[in-house]
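Here's a friendly walk through one protein chain, meant for someone who hasn't met it before. Take a look at the sequence and the fold, then read on.

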Amino acid sequence: MLLLKAPSIASSAVCSGRSDAVSQHHVLPAGSQQRGRRCMLPQQSPRPAGQPFARRTQLVCSATAAAPASTAASGSRGTLPTPAVPLKVVIAGAGISGLSLAVGLLKKGYEVVVLERDLTAIRGEGKYRGPIQVQSNALGALEALDKATAERVYQEGCVTGDRVNGLCDGITGDWYVKFDTYHPAIKQGLPATRVICRHTLQWILADTVRDLGGDNVIVNDVHVVDYAEKVDPASGKKTVQAICADGRVFEGDMLVGADGIWSKVRTKMVGHTEAFYSDYTCFTGISDFTPPDIDVVAYRVFLGNGQYFVSSDVGGGKMQWYAFHKEPPGMAGDKEGCRKQRLVELFGGWSHMVLDLIRATPEEDILRRDIYDRAPIFKWSEGRVALLGDSAHAMQPNLGQGGCMAIEDAYQLVLEISKGADKAAAAGKGSINVEEVLHSYFKKRVMRVSSIHGFARFAANMASTYKSYLGEGLGPLSWIQKFKIPHPGKLAGQPLIKLSMPPMLGWILGGYNGELRQSDRAFEARPGDAPKGFDPADFDLLMADDDALLHAVHAHWVLVPTEAVPAGGRSEAQQAAYLRHLAATDPKDEKVAATIGEAGVVVGRSPGSGLLLDCPTVSSSHARLERQGRDYYVADLGSQYGTFVNGRQLPPRGRARLLPGDVLRFGLPEDSALSGAGAAAANCGAALSSSSGGDCPGNVFTVKLQHDSLLAGAGHGQYRREQTPAAARAFALYEGRAAEQVATSG
């Protein structure tokens, strides 16, 4: 395990040397074994080759400044380079930005001390914040800072950039715009985007800091609240002091405020400013759920009016989701134990892909936070003090670039410091011009960061003002929605977004390569990042053709019993009861009424029916479900009371192609006033044939897809995408090995 300790030092002390005084110990489990609430990633953090965890069991972080560079630069990796000009950097904050900076500086041999108020995030204790998306641009920057650290992130993370991603209509679930993050990355020699548990990422970075700098670099229980610059009257040497809440003072040549959106360093530098509330709160959860298209789709953003929903594969058989809703901050209406119920009410009319994830998440695992950012500022430095990451440019999460920009910041600052050291050494000077270095860092970063900050706000606005149908959001005219007329804004916006998305993604992911090329990073694609659930050569086809994407899904088609909607619609009381029932049931427990295979399924009242419905309005041989080619159909067999798809009756002996989410009704049409048999059928029951197993509550069903692993008995939350034979074959072919060799080796 890793042991973090903080010494007890008199409040007036200036921490410039070493201290062996210890007042408390904090345990960081090896491998992030206890990462907080439902962390989804593997329980072992892989070590670089030849360095197993067993060889080192503790990391001791003393609340002192780091040892002199000659000592601090001799961690477990051996002696690191001696910089041309020495520099001591004090970093306020051991988040992703602060630790990334520490890794880069220690790798160059500079002296570093990292001051952290609370290390529970790294230990995996306290409030769980879920996974973080580390996109290709940030992974490239992390590689440039330290390749070994990046490799550990690659091993721990779940690749999402190897599949189709995009925007969907929240109500129908239909694709609105797909986007490809794979090819923009590999074409520019960058790794594919990944998600990783935030605790795990911070733990890997902290462990690397120990590797590079020794036991006393990270200091716990230290809250930086102020700073002051000073000049030694005898030597004229300039330094900066980080002043802590308990009176301790840490001194160095440079102070970097990496202390987040509520940064005290920022407040001292630019004055107090209020954070900007986005008008949205965010509910989030992780569910043990295997979507049917997990092999071909990594994440979706479901668009809506005043709300939107994001789902993402995070590896380990788990799905992370975020539900954004427009409401005042403060969680005034947030009742204990009622979050799932409220979310089902908010998203009750949305695609089953949204509702299934909410319903599959335990109530206690649903968290909530209000979303804030800060307006861009154009002062990132003052004298020997600089801002980094969220302290300089906290942004909304809609592009997944907040942490990515922080890692880029860290790389850029390390690069500018190295240039400043070389310049000082060439001029025969013994110190770096810190003010010049920090100004150059700001100039190199401000335009890119401000642009992406603006894109993130635009993305939030687009996702939450989308309207599926005409009449949505029109108050008294909302009844127009029942005609399902596509909203004009939706139709007009789609081609514009399709046109602008590729160049924007290309710039976000690859627009920083000019700076990265100043490092020794090799710009080569990683063969292991290739798509594993389908042939990489089919990527463009899946992007362009929704049917091809559906055909590529590794799933079987099933009918799931669904509660019938009364002909006149549900009353408020009925709808409330229905939503309560929905929130209380888990989609993983839904019974399958029928599986549609090659042989087809006959629906009817006769004993030989594959789906036997004992209902007066169901004919003896009512309808047939069948597969033809790669598509699925329902055909009416001349039934008396009709076969309905999404409320529309098929012509007698007519046929319709099925899509996931379609609602089928056999007999008892919603809009027909039936007497006698119809009234009796309102309470009819249905029994499945013995081959289907189980009871069916009615004659209304939803078409759903279930991943093949569920048919094989693996169960939700147990699927490992990389272990499927299809994945192994695709991986083998991409690397140039014969597929037969993989099959032979098992």
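Two strands count as paired if DSSP finds at least two bridges between them. Helices (H or I, at least four residues) and strands (E, at least two) are DSSP runs, numbered from the N terminus. Keep in mind that this is a predicted model, in which local features need pLDDT of at least 70, side-chain atom pairs count only at pLDDT 80 or more, and totals for chains, interfaces and linings use all residues. Residues are numbered from 1 along each chain as its sequence is written, and side-chain values use heavy atoms, with hydrogens and water left out.

**The whole chain**

Let's start with the big picture. The chain has 22 helices and 37 strands. Of its 746 residues, 55% count as buried; buried means under 20% relative accessible area, exposed means over 50%, and partly exposed is in between (1.4 Å probe, protein chains only). About 30200 Å² of the chain is exposed, and carbon and sulfur atoms supply 53% of that. Those areas come from the Shrake-Rupley method with a 1.4 Å probe, and for residues only the protein chains shown count as cover. As for contacts (heavy atoms within 4.5 Å), take those with a separation of 6 or more: residues 24 or more positions apart account for 74% of them.

**Strand 10 and its neighbours**

Now for strand 10, residues 164-169. Six of its six residues are buried, so strand 10 is largely enclosed by the rest of the structure. Strand 10 pairs with strand 19 (residues 297-303) in the parallel sense over six bridges, and Asn165 stands opposite Tyr299 there. Strand 10 is also joined to strand 11 by four bridges, and those two run antiparallel. In that pairing, Cys168 sits opposite Trp175 in strand 11. Strands 10 and 11 make a hairpin with five residues between them, and Gly173 in the turn has a positive phi of about 80 degrees.

**A six-stranded sheet**

Next up is an open sheet of six strands, in the order 13-7-6-17-24-23, with mixed pairing. Strand 13 (218-219) and strand 23 (381-382) stand at the edges, each with a single partner strand, so one side of each is left without a neighbour in the sheet.

What about strand 17? Four bridges join strand 6 to strand 17, and the two run parallel. Strand 17 (residues 254-257) is joined to strand 24 (residues 385-387) by three bridges, again running parallel. Here are some residues that stand opposite each other across these pairings:

| Residue | Partner | Partner's strand |
|---|---|---|
| Val90 | Leu255 | strand 17 |
| Val256 | Ala386 | strand 24 |
| Gly257 | Leu387 | strand 24 |

In a regular strand the side chains alternate between the two faces of the sheet. Both faces of strand 17 are covered, with Met254 and Val256 on one side, Leu255 and Gly257 on the other, and all of them buried. Helix 2 (residues 96-107) lies across strand 6 (88-92), strand 7 (111-115), strand 13 and strand 17, running at about 165 degrees to strand 6. For such angles, axes are lines fitted to C-alpha atoms, for helices over the stretch in contact, and angles run from 0 to 180 degrees between N-to-C directions.

**A smaller sheet and a covered helix**

Three strands form another open sheet, in the order 8-12-9, with antiparallel pairing. Strand 8 (131-134) and strand 9 (158-159) are at the edges with a single partner strand each, so one side of each is left without a neighbour in the sheet. Strand 9 pairs with strand 12 (residues 194-197) over two bridges, where Val159 stands opposite Arg194.

Helix 7 covers residues 198-213; its 16 residues reach 22 Å from first C-alpha to last, close to the 22 Å expected at 1.5 Å a residue. That expected span is 1.5 Å times one less than the number of residues. Helix 7 is mostly covered, with 16 of its 16 residues buried. Just after helix 7, Gly214 takes a positive phi of about 95 degrees.

**Aromatic pairs**

How many aromatic pairs does a search of the whole structure find? The search turns up 19. Rings of Phe, Tyr and Trp (its six-membered ring) pair if their centres lie within 6.5 Å; planes under 30 degrees apart count as stacked, over 60 as edge-to-face and the rest as tilted. Tyr176 and Tyr466 form an edge-to-face pair, 5.1 Å centre to centre with 75 degrees between the planes. This pair links distant parts of the chain, 290 residues apart: Tyr176 is in strand 11 (residues 175-179), and Tyr466 is in the loop between helix 13 (434-464) and helix 14 (488-510). Both Tyr176 and Tyr466 are buried.
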